[in-house]
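Let's walk through this protein together, starting with the whole chain and then looking at one pair of helices. Keep the structure open beside you as you read.

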Amino acid sequence: MTTEPTDPTDPTEPPGSAAQPSAEVVQAEAVQAEAVQEETTVLSWLREHSELGVCVLLFALGVLVLTDAFTMSVDIAQRGPVGPRTVPFVIGGLFLLISVLLAGDVLRGGRGEAEGGEDVDLDEPADWRTVLLLTGVFLGAAVLIGPLGFPIAGALLFWGSAYALGSRHHGRDPLIAAGISLATYFVFDNLLGVPLPGGPLMGVL
């Protein structure tokens with residue numbers, strides 16, 4: 001007795017039944033496709049709201065500044081209601097406020113306008129002369145602030161920075177630099193109670 005081989009093209013078998021996937025396979029593929037689509041949607045939403053990264057950064061900076069202000073020791077420098085903590089409190093609070101307002105604007109659909117473009121030739125080399133001049137000015141001010149005091153070292157810092165950035169008004173720039181330096185010294189040393197070295201001008205100021 002011989003058994004005839006089964007014909008794969010048996011007309012009694014529904015056509016295409018062997019190629020049809022099972023219900024479990026179809027369901028798994030549907031779940032995978034849904035997960036990929038959801039991930040793509042999330043990434044697309046994050047790209048469209050990339051400004052939220054700036055909000056997170058500003059909020060973290062605000063928390064950091066306020067935390068540092070709360071832990072600051074002001075027993076020696078405190079003079080009246082306005083002390084060394086005042087400026088950090090204001091800056092930290094502004095960081096938090098700006099981050100919340102910016103996040104709200106972004107979530108409502110606000111978008112930053114694209115940069116219109118500047119007349120910058122990307123093929124030009126970096127201006128290392130300006131960078132080196134500014135570096136020298138800052139290092140010089142850091143060295144001179146001890147023996148000369150902040151008013152003189154600060155004036156040299158502001159004047160040198162203006163010169164390094166291209167200003168050549170030799171009569172006006174030193175006067176403006178001296179005024180800014182003296183105003184900064186007065187605000188921090190007298191109003192905020194943050195002692196700055198006065199140098200030779202200590203007795204005068």
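The paragraphs below go from the overall fold to a helix pair, and then to two individual residues.

Please keep in mind that this is a predicted model. The protein has 6 helices and 0 strands, so following the DSSP runs from the N terminus gives the pattern α-α-α-α-α-α. Of its 205 residues, 20% count as buried. The protein exposes about 15200 Å², and carbon and sulfur atoms supply 67% of that area. How much of the contact network joins residues at least 24 apart? Among contacts between residues at least 6 apart in sequence, the share is 60%.

Now turn to helix α2, which covers residues 52–70, and helix α3, which covers residues 86–107. Two packed helices are described by the angle between their axes and the distance between the axes. For α2 and α3, the angle is about 160° and the axes lie 8 Å apart. Angles over 145 degrees count as roughly antiparallel, and α2 and α3 are therefore roughly antiparallel to each other. Their crossing is left-handed.

Which residues make this contact? On the α2 side they are Leu52, Val54, Cys55, Leu58, Phe59, Leu61, Gly62, Val63, Val65, Leu66, Ala69 and Phe70. On the α3 side they are Pro88, Phe89, Gly92, Gly93, Phe95, Leu96, Ile98, Ser99, Leu102, Ala103, Val106 and Leu107. By character, the residues of this contact comprise 20 nonpolar and 4 polar ones, with no charged residue.

Leu61 is a good residue to pick out here. Leu61 sits in helix α2 and is one of the residues that α2 brings to the contact with α3. Is Leu61 buried, exposed or partly exposed? Its relative accessibility is 33%, so Leu61 counts as partly exposed. Leu61 and Leu96 are 35 residues apart along the chain, and their C-alpha atoms are separated by 8.2 Å. Leu96 is among the residues that α3 contributes to the contact.

Finally, look at the loop between α2 and α3, where you will find Pro84. With a relative accessibility of 13%, which falls under the 20% cut-off, Pro84 counts as buried. Where does Pro84 stand relative to Leu192? The two residues are 108 apart in sequence, while their C-alpha atoms are 5.5 Å apart in space.

Note on methods. Residues numbered from 1 in each chain as written. Predicted model: local features only at pLDDT ≥ 70, side-chain atom pairs only at ≥ 80, totals over all residues. Heavy atoms only, no water. Axes fitted to C-alpha atoms, helices over the stretch in contact; angles between N-to-C directions. Helix = DSSP H or I, 4+ residues; strand = E, 2+ residues; numbered from the N terminus. Parallel < 35°, antiparallel > 145°, perpendicular 65-115°, else oblique. Left-handed = near helix turned anticlockwise from the far one by under 90°. Contact = heavy atoms within 4.5 Å. Nonpolar A, V, L, I, M, F, W, Y, C, P; charged D, E, K, R; others polar. Buried < 20%, exposed > 50% of the residue type's maximum accessible area, 1.4 Å probe, protein only. Areas by Shrake-Rupley, 256 points an atom, 1.4 Å probe, with all protein chains shown as cover.
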